[in-house]
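Please open the structure in your viewer and keep the sequence beside it, so that each selection can be followed in both places. Take the stops in order, and pause at each one before going on.

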Amino acid sequence: MSALRDALRDLSEDVFFDLLESEDAYLLVLDVPGVSAESLDLAIEDGRIAIDAHREKEPIDDYQYVEENRSLFLDVDLPLPDDASDTNATATVDRGVLELTLPKRGTSGETTIDIVDEDA
């Protein structure tokens, strides 16, 4: 997970996030103001998390922009933690906050196989 933490630290200081961890999963909470589910693309492929978000930005009524400081686009590429699985990953966006849950793979590294006694 240190690669993910390092990558998050390298993001622009304008990108606000929290990274949480439990025994079973990681939770990445990322502020994406003005973004809806329709304007957000999220993919996990080849051990990478790709987040591409954009927001609609139209002046209100008769107003015109004098200064624009809020970014229209967010394009983030992050490493998937080694012990995370993209299987059963979930994502929600609500009021400009993206929550990405990444389940962890089994930590034991061992699979128990039940043996059936066919003589019984």
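The tour goes from a sheet to a helix and then to a single lysine. Keep in mind throughout that this is a predicted model.

**The sheet**

Begin by selecting the four strands that form an open sheet, which follow the order 1-2-7-6 with antiparallel pairing. At the edges of this sheet you will find strand 1 (17–21) and strand 6 (90–94), each of which pairs on one side only. As you go from one strand to the next, the twist averages 10°.

**The helix on the sheet**

Now add helix 1, residues 2–9, which packs on the sheet and touches both strand 1 and strand 2 (25–31). The direction of helix 1 makes about 170° with that of strand 1.

**Strands 6 and 7**

Next, select strand 6 together with strand 7 (residues 97–103), two antiparallel strands that are joined by five bridges. Within this pair, look for aspartate 94, which stands opposite valine 97 of strand 7.

**Lysine 104**

Finally, move into the segment after strand 7, where lysine 104 is found. Is lysine 104 buried or exposed? Its relative accessibility is 17%, and because buried means under 20%, lysine 104 counts as buried. If you display its surroundings, leaving out residues up to four places away in sequence, lysine 104 touches several residues, among them Glu21, Ser22, Tyr26 and Asp83. Zoom in on serine 22, whose backbone oxygen lies 2.9 Å from a polar atom of the lysine 104 side chain.

Key:
Residues are numbered from 1 along each chain as its sequence is written. This is a predicted model: local features need pLDDT of at least 70, side-chain atom pairs count only at pLDDT 80 or more; totals for chains, interfaces and linings use all residues. Side-chain values use heavy atoms; hydrogens and water are left out. Two strands pair if DSSP finds at least two bridges between them. Axes are lines fitted to C-alpha atoms, for helices over the stretch in contact, and angles run from 0 to 180 degrees between N-to-C directions. Contact means heavy atoms within 4.5 Å. Buried means under 20% relative accessible area, exposed over 50%, partly exposed in between (1.4 Å probe, protein chains only). A polar contact is a pair of N or O atoms within 3.5 Å; within protein, one must be able to donate a hydrogen and the other to accept it, and residues adjacent in sequence count only if both atoms are side-chain atoms.
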